[in-house]
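Here is a walk through a two-chain model, from the contact between the chains to a few local details. Have the viewer open as you read.

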Amino acid sequence: MPAKAGIVVFPGSNCDNDLYHVMKNVIKADTEFLWHKDGSIGDRNLIFLPGGFSYGDYLRCGAIARFSPIMKEVIRFANNGGVVVGICNGFQVLCEAGLLPGALLVNESLEFICKTVTLKVENNKSIFTADYGIKEEINIPIAHGEGNYFCDDETLQELISNNQILFTYADNPNGSLNNIAGIQNKERNIVGLMPHPERASEVELGGTDGTKFFQSIVASFD
Amino acid sequence: MYKSKISISVRKNILDPQGKAVEHSLKSMGFEKILDTRIGKYIELVIDASSEKEAFDLSEEACKKLLANPVMEDYTIAVQKEGEQN
């Protein structure tokens, strides 16, 4: 069955339209928005949690969004093997929901960092990175104040031994443990990353290194 | 009625860059005896409970489920009868 993307819109999401545009007009996938108050994900079989500042980042980034009505369905879907992608604030929501291990701390510099960084693809045997070469270096923008990935030692060892680390920073911008920029869960159906591939998917926007991320995911449904 | 005062801070083994920045500033102002600074957040809850224990347990449940993230934060809870002076 082809991918039917659903992009969750929380109050304060601000990369939802960028993602919608890329999925619909660049990747040419069936794409719809899902409202955070929806009680169902309908016929969507690929869920995106977009970037932004859901609920104003109050309390902790992603902490309140994680309890939105739709998240109950998203968590159920994810636990049944459904493909879920969290970008930036979406990654924070997935960590808060316990769907991915660890947490995103405030950047070591205390600054909001908005720039294009170089990532290394650490594992290309995932449905999220299959179109990339192993150790391929790609340029993708980041824009976050809390992107400093942290987890305990035991979790880090698991991430490493299970090949869960998909992307690392070539030059660590925020203090992330082991330069981690993006991880998948042990079951390999959930991904979270701080960089914004949807902002690097068209030549007009300065780069297309993000396109393969979405193409890999959509191709995994064929 | 009880009031629950909850302090949340970054876990001890995690770098608190905000605390460090303030600590450096305090040191440069001459506060040499201040050895460590950590910054967190403070939350007050007013709870309709029939005992201090019930108020404490509810506060702890709220911390575990929403108010604190155990991966990165520690918390302390102090419960008092509403209206009592601290």
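Let's settle one term before anything else: buried means under 20% relative accessible area, exposed means over 50%, and partly exposed is what lies in between. By that yardstick B:E82, with a relative accessible area of 37%, is partly exposed. Keep in mind that this is a predicted model.

**Where the chains meet**

On the chain B side, 15 residues are in contact with 14 residues of chain A. The area buried between the two chains comes to about 1200 Å², and carbon and sulfur atoms give 73% of that. Within chain B, the residues that lose the most area to chain A are B:P17, B:L66 and B:M72, which together make up 39% of what that side buries.

What about polar links across the interface? There are four residue pairs in polar contact between chain B and chain A, both partners being at pLDDT 80 or more. Three elements of chain B, namely α1 (17-28), β2 (40-47) and α2 (52-67), each supply at least two residues of the side that touches chain A. Sorted by class, that side has 10 nonpolar, two polar and three charged residues.

The salt-bridge count between the chains is one. The pair is A:R60 with B:E73, and their closest N and O atoms are 3.6 Å apart. Are these two residues buried or exposed? Both A:R60 and B:E73 are buried.

**Salt bridges across the model**

Side chains of opposite charge can pair when their charged atoms come close. Over all chains, a search of the whole structure turns up 18 salt bridges. The A:R60 and B:E73 pair joins two chains, because A:R60 sits in the loop between β3 (46-49) and α2 (69-79) of chain A while B:E73 belongs to strand β3 (residues 73-81) of chain B.

Here are three of the pairs, with their N to O distances:

| Pair | N to O distance |
|---|---|
| A:R60 and B:E73 | 3.6 Å |
| A:K212 and A:E136 | 3.2 Å |
| B:E82 and B:K3 | 3.9 Å |

Take the A:K212 and A:E136 salt bridge, at 3.2 Å from N to O. A:K212 lies in helix α5 (residues 211-219) of chain A and A:E136 in the loop between β6 and β7 of chain A, so this pair ties together parts that are 76 residues apart in sequence. Both ends are partly exposed: A:K212 has a relative accessible area of 30%, and A:E136 has one of 22%.

Over in chain B, the side chains of B:E82 and B:K3 meet in a salt bridge at 3.9 Å, N to O. This pair also links distant parts of its chain: B:E82 is in the segment after β3 of chain B and B:K3 is in strand β1 (residues 2-10), 79 residues apart. B:E82 is partly exposed at 37%, whereas B:K3 counts as buried because its relative accessibility is 19%.

Chain A also holds a network of salt bridges, which links A:K4, A:D30, A:E32, A:D43 and A:R44.

**A buried asparagine in a loop**

Now look at A:N123, in the loop between β6 (113-121) and β7 (137-144) of chain A. Why does A:N123 count as buried? Because its relative accessibility is 9%, and the cut-off for buried is under 20%.

What does the side chain of A:N123 reach? One partner is the backbone nitrogen of A:K125, at 2.7 Å. The side chain of A:N123 also reaches the backbone oxygen of A:N163, at 2.8 Å. Leaving out residues up to four places away in sequence, A:N123 touches A:T129, A:I134, A:N163, A:I165, A:L166 and A:Q184.

**An enclosed helix and some positive phi values**

Helix α3 (residues 89-96) of chain A is largely enclosed by the rest of the structure, because eight of its eight residues are buried. Among them are A:F91, A:V93, A:L94 and A:C95. Just after α3(A), A:G98 takes a positive phi of about 80 degrees.

Two residues other than glycine have positive phi as well. A:K28 has a phi of about 65 degrees and is found in the loop between α1 (16-26) and β2 (30-35) of chain A. With a relative accessibility of 66%, A:K28 counts as exposed. For A:L110, phi is near 65 degrees, and this residue is found in the loop between β5 (103-105) and β6 of chain A. A:L110 is partly exposed, its relative accessible area being 37%.

Conventions: Residues numbered from 1 in each chain as written. Chains lettered and ligands numbered in written order. Predicted model: local features only at pLDDT ≥ 70, side-chain atom pairs only at ≥ 80, totals over all residues. Heavy atoms only, no water. Contact = heavy atoms within 4.5 Å. Buried area = accessible area lost by both parts, 1.4 Å probe. Salt bridge = Lys/Arg side-chain N within 4 Å of Asp/Glu carboxyl O. Polar contact = N/O pair within 3.5 Å; in protein donor to acceptor, adjacent residues only side chain to side chain. Helix = DSSP H or I, 4+ residues; strand = E, 2+ residues; numbered from the N terminus. Nonpolar A, V, L, I, M, F, W, Y, C, P; charged D, E, K, R; others polar. Buried < 20%, exposed > 50% of the residue type's maximum accessible area, 1.4 Å probe, protein only.
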